[in-house]
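User: Please take one part of this model and look at it closely. Start there, then follow the chain to its surroundings.

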Amino acid sequence: MSFPAHHSSDEVYGVVVVGSCMTDLVSFTPRLPKAGETIHGHKFFIGFGGKGANQCIQAARLGAKVAMVSKVGKDSFGDNYIENFKNNGVSTEYVGQTDEASTGVAPITVNDEGQNAIVIIAGANLLLNSEDLEKASRVICCAKVVVCQLEIRPAITLEALKIAHKAGVKTIFNPAPAVADLDPEFYKESDVFCCNETEAEILTGIEVCNIEDAGKAGSILLEKGCGSVIITLGAEGSVLMSQGKRTPHYIPTKKVKAVDTTSCFHIIHLQVRRG
């Protein structure tokens, strides 16, 4: 396993993302196929995905100075991924490559309405380990914000959150893919806990169909120890709550035509200065 050195370890980053890199294999079809059915599609492309990498690239495009902590395979997908990070101004110093697994891939089918079906093969993402976090600990502890998800091993995600939280770094946790038996420590280590309505239901048992439901689910998440909670409601917007302001604050969104909902992640507009 190797780490390419493209930036000095003395640099300080506004945002550090610890998480996944997935190569998306995207097929566009008129509709999603039924089980056992073969249908014709009308377009295909290979893209760069993974919840962690998407969040990292988006932060960079919004103007933040960003570093990614992740692992990809020693294969063409991994090489291309590192090149994509560099092209988007993301530090790859802590993007490791391994020959023990392939780069993570996600075959995705998207229908004409923008709905999708996804299969995830995590691959090298599951090999990110404590030793890798130790190598990246300085940039994690010096960041303004650390962002994590659940597409790498949960124990490594939790360890990253703990390193950041102990250093006084603001932590943002996106509990996706959600699991009903999420370790309670995740809530306590999350300054901002951001989930969608489906994830909120899995974590709280509250079916989230409207703003009132989101408020109920948010209250439960706050009781579990989160500093603040954002529950996204797709086209309906999002609901924000915090320990200091428990009354749900509804944030509407502008109506747009969905092209592809793959790996959408709704996040607060972070004012992170360069440097």
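Analyst: Buried means under 20% relative accessible area, exposed means over 50%, and partly exposed lies in between (1.4 Å probe, protein chains only). Helices (H or I, at least four residues) and strands (E, at least two) are DSSP runs, numbered from the N terminus. This is a predicted model: local features need pLDDT of at least 70, side-chain atom pairs count only at pLDDT 80 or more, and totals for chains, interfaces and linings use all residues. Residues are numbered from 1 along each chain as its sequence is written, and side-chain values use heavy atoms, with hydrogens and water left out.

The part chosen is strand β6, residues 104-110. Five of its seven residues are buried, which leaves the strand mostly covered.

Take the partners next. Two strands pair if DSSP finds at least two bridges between them. Strand β6 pairs with β2 in the parallel sense, over seven bridges. With β7, residues 116-118, β6 pairs in the antiparallel sense over three bridges. In that second pairing, Ile108 stands opposite Ile118 of β7.

On the β2 side, look at Phe28. This residue sits in strand β2, and its bridge partner in β6 is Val110. Why is Phe28 called buried? Its relative accessibility is 13%, so Phe28 counts as buried. Contact means heavy atoms within 4.5 Å. Apart from neighbours within four places in sequence, Phe28 is in contact with Gly41, His42, Lys43, Phe45 and Val110. His40 is twelve residues from Phe28 along the chain, and their C-alpha atoms are 9.1 Å apart.

On the β7 side, look at the turn. The hairpin of β6 and β7 has five residues between the strands. One residue of that hairpin, Gly114, takes a positive phi near 90°. Gln115 also lies in the loop between β6 and β7. Is Gln115 buried or partly exposed? Gln115 is partly exposed, at 47% relative accessible area. Its contacts, leaving aside neighbours within four places in sequence, are Leu32, Thr109 and Val110. Leu32 is 83 residues away along the chain, yet its C-alpha atom is 8.2 Å from that of Gln115. Val110 is thus a contact of Gln115 and also of Phe28.

Now the helices, beginning with one that touches β2. The buried residues of α2 pack against β2 (22-28), β3 (43-49), α1 (51-61), β4 (66-73) and β5 (91-98). Those buried residues are Gly78, Tyr81, Ile82, Asn84 and Phe85. Down the axis of α2 they fall within an arc of 160°, so they line one face of the helix; the arc is that of the directions from the helix axis to the C-beta atoms. After α2 comes Gly89, whose phi is positive, near 75°.

Helix α1 is mostly covered, with eight of its eleven residues buried. They are Lys51, Gly52, Ala53, Gln55, Cys56, Ile57, Ala59 and Ala60. They pack against β1 (15-18), β3, β4, α2 and β8 (145-148). After α1 comes Gly63, with a positive phi near 110°.

Several of these strands belong to an open sheet. That sheet has nine strands in the order β5-β4-β1-β8-β9-β10-β11-β12-β13, with mixed pairing. At its edges stand β5 and β13 (249-251), each with a single partner strand, so one side of each lacks a neighbour in the sheet. From one strand to the next, the twist averages 20°. At the β13 edge, three bridges join β12 (residues 238-242) to β13, and the two run antiparallel. Ser238 has Ile251 of β13 as its bridge partner.

Helix α7 (residues 197-204) lies across β10 (192-196) and β11 (228-232), at about 110° to β10. Axes here are lines fitted to C-alpha atoms, for helices over the stretch in contact, and angles run from 0 to 180 degrees between N-to-C directions. Elsewhere, the peptide bond from Ala176 to Pro177 is cis, with omega near 0°. Pro177 lies in the loop between β9 (170-173) and α6 (185-188).

Last, confidence. pLDDT is the predictor's confidence in each residue, from 0 to 100. The protein has a mean pLDDT of 90, and 90% of its residues reach 70 or more. Residues 2-8 are below 50, and this stretch has 24 contacts in the model beyond near neighbours in sequence. Residues 263-275 are also below 50, with 21 such contacts. Where pLDDT is low, the predicted coordinates should not be read in detail.
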